[in-house]
Amino acid sequence: MDADTGDRDEPVDEGGPRRGGLTTGEVARRLGVAPTTVRTWDRRYGLGPDAHVDGRHRRWTPADVARLERMCALTATGLPPAEAARLARSEERPTAAGPRNTDAARRVSTGRRSRAGSGLQLGDVRQECRGIARAALRLDAAVLDELLLAAIAEHGLVAAWTEVIVPTLQAVGRKWETSGEKYVEVEHFLSWHVSGALRRAAPPTVADRPGSTTVLACVPGENHTLPLEVLSAALTERGVPVRMFGGALPVESLVAVVRRTGPAAVGLWSQSRTTASRPLAQHVAAMEWGVRGARRRPVVLTLGPGWAGRAVAGLARPPGLAEAVAALEPSVYP
């Protein structure tokens with residue numbers, strides 16, 4: 001095990017690209033690996049930058065980074081690091097690896113790297129998606145947490161979810177759907193760490209204010225909670241009191257929650273059309289509470305792709321996270 005004792009060849013400040021190339025920290029974030037991994041590959045396998053600025057500062061050029069990307073791609077196929085490094089340096093095809101590794105190395109060495117060295121079809125996405133995808137495929141918990149929290153800190157909850165996390169989750173989902181469900185563990189692993197990052201990034205829970213609470217729940221039979229988790233965090237960030245009830249809340253329990261809390265708004269998430277229930281949404285929207293002459297009803301939002309084509313008259317269906325946040329804030333602060 002290599003201890004990270006710092007890098008005497010590199011200044012402490014790694015705030016951004018400088019003349020001569022990227023710093024080791026910037027390269028590590030781009031690749032989705034720890035800086036210690038980059039330094040280890042340099043020391044052990046000679047994968048360091050071809051030149052140093054002023055003879056000592058490590059600065060990685062595009063060619064240096066491309067070599068490391070090949071290293072990431074090859075190790076992701078199961079090649080031993082030493083063999084992967086040899087191929088990354090020489091751009092040769094492997095001779096001793098099995099057929100699966102040979103095919104993966106050939107794709108990398110011929111330059112077709114639209115999959116970010118991860119086997120995932122990500123397309124035109126933010127660079128952070130590629131690093132997160134690599135960390136998820138390697139089942140690297142520490143790096144994955146670091147990259148997710150960094151994306152949230154840099155872009156904010158809404159933009160990080162929409163532009164970084166969702167594209168990566170969708171790519172992982174497509175991967176296991178088209179490969180005989182061989183990557184289910186990667187999807188579960190990524191989802192778990194996204195959930196943890198959302199909880200750590202969220203501000204403290206907002207104290208309840210009568211008549212101002214937003215209730216969030218998945219409809220019965222629905223267990224996809226991540227979209228509601230990020231909505232809960234985004235509303236809390238804006239000072240909105242939220243009561244989150246997670247996946248597959250039974251009808252009787254949902255009705256009891258609405259009666260007990262008297263919420264200003266209720267968000268009902270459905271991922272699939274098989275779980276979206278118009279009668280349930282209509283029933284919740286018709287519930288009333290309060291004294292006679294001043295009865296109130298909640299604003300009900302039907303959230304998620306399950307409601308597509310199943311619009312409920314009089315109920316809003318925001319198409320995305322930003323729209324849901326915008327719709328819920330006025331309902332809490334009329």
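Which residue in E6 does Ala-265 stand opposite? The views below, all from a predicted model, get to that pair at the end.

**View 1. The whole chain, for orientation.** You're looking at 334 residues, and 49% of them are buried. The secondary structure adds up to 13 helices and six strands. Take the contacts between residues at least 6 apart in sequence: 66% of those link residues at least 24 apart. On the outside, the accessible surface is about 16300 Å², with 52% of that belonging to carbon and sulfur atoms.

**View 2. The largest nonpolar core, with its best-connected members.** This core has 46 residues, and the ones touching the most other members are Trp-161, Leu-190, Val-194 and Leu-231. Helix H8, running over residues 157-177, chips in nine residues, the most of any contributor. Burying nonpolar side chains together is a general tendency in soluble globular proteins.

**View 3. Zooming in on Trp-161.** Skip the neighbours within four places in sequence, and Trp-161 still has plenty of company: its contacts are Val-166, Pro-167, Leu-169, Val-194, Leu-226, Pro-227, Val-230 and Leu-321. Val-194 is itself one of the residues that touch the most other core members.

**View 4. A second core, separate from the one above.** This one is made of 21 residues. Among them are Val-215, Ala-281, Met-287 and Val-312.

**View 5. Strands E5 and E6, side by side.** E5 (residues 265-269) pairs with E6 in the parallel sense, over five bridges. E6 covers residues 299-303 and is mostly tucked away, with four of its five residues buried. And here's the pair from the opening: Ala-265 stands opposite Val-299 in E6.

Methods: Residues numbered from 1 in each chain as written. Predicted model: local features only at pLDDT ≥ 70, side-chain atom pairs only at ≥ 80, totals over all residues. Heavy atoms only, no water. Helix = DSSP H or I, 4+ residues; strand = E, 2+ residues; numbered from the N terminus. Buried < 20%, exposed > 50% of the residue type's maximum accessible area, 1.4 Å probe, protein only. Contact = heavy atoms within 4.5 Å. Areas by Shrake-Rupley, 256 points an atom, 1.4 Å probe, with all protein chains shown as cover. Core = buried A, V, L, I, M, F, W, Y, C linked by side-chain atoms within 4.5 Å. Pairing = 2+ DSSP bridges.
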